[in-house]
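Biologist: Could you take me through this model with the criteria stated as we go?

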Amino acid sequence: MNKKTNIRINKVYTKKGDSGRTQLIGKNDVSKSNQRIECYGEVDELNSSLGFCKALIENQDTIDGKKDILESINKIQNELFNLGTMLAVADESKIEDFPSIGKKEIIFLEGLIDSYNKNLSELESFVLPTGSLPGAYFHICRTVCRRVERRCVALSSSEKIEDLIIVYLNRLSDLFFVWARWINKSSEVQEDLWKP
């Protein structure tokens, strides 16, 4: 959903959070250990991890389809900001006033998964999280994404959050798995499989 943001950042520190307290949208003065703060903080960590993947890919010359994957990463990073905003809105009556993610963003992720997965070999064992540098880092993104998903599920048991947040995170972690495999194949790096 495209909504114009009204954000101005001209000073990095405000000293408002020095006491360990902060604000949610629609709710003043909560602890920085609040579950919602924890959730959107972890979304920020996920977004930063994905940014690292993007930087790794930008510095590789041998990846076919490099422009397409970088454009998709950029779109997803924007969507993660929107998802974090949804988590920051504690007053349900205000949610429509802010950027959000919806079903079309989930359909976009599913399209990416199908597109990148179609030329990958079928797995007969679990993949170890290794490979090329961007491939291994996509596995880190996948595990961070799963942690964010678990935190949001925990939050949803005590507070109302949009169900699509959890669906989106579930699909996104699947995409990171597929991208890890795809980029390893594209880089001609052999996958390591689990050998119990």
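The exchange below turns to the core, the cysteines and a surface patch.

Modeller: This is a predicted model, in which local features need pLDDT of at least 70 and side-chain atom pairs count only at pLDDT 80 or more, while totals for chains, interfaces and linings use all residues. Residues are numbered from 1 along each chain as its sequence is written, and side-chain values use heavy atoms, with hydrogens and water left out.

Biologist: Which element gives the most residues to the largest nonpolar core?

Modeller: A nonpolar core is a set of buried (under 20% relative accessible area, 1.4 Å probe, protein chains only) Ala, Val, Leu, Ile, Met, Phe, Trp, Tyr and Cys residues joined through side-chain atoms within 4.5 Å. The largest one has 43 residues, of which L46, I76, F138, L172 and W179 touch the most other members. Two or more residues come from each of helix 1 (35-58), helix 2 (66-88), helix 3, helix 4 and helix 5 (163-186), helices being DSSP runs of H or I, at least four residues long, numbered from the N terminus. The largest contribution, 13 residues, is that of helix 5.

Biologist: How many disulfides are there?

Modeller: A disulfide is a pair of cysteine sulfur atoms within 2.5 Å. C53 is buried because its relative accessibility is 0%, and C141 is buried because its value is also 0%. The sulfur of C141 is 3.7 Å from the closest cysteine sulfur, in C53, and is therefore too far for a bond. The count of disulfides is 0.

Biologist: Is L128 buried, partly exposed or exposed?

Modeller: L128 lies in the loop between helix 3 (103-117) and helix 4 (133-156). Partly exposed covers the range between under 20% and over 50%. Because its relative accessibility is 33%, L128 counts as partly exposed.
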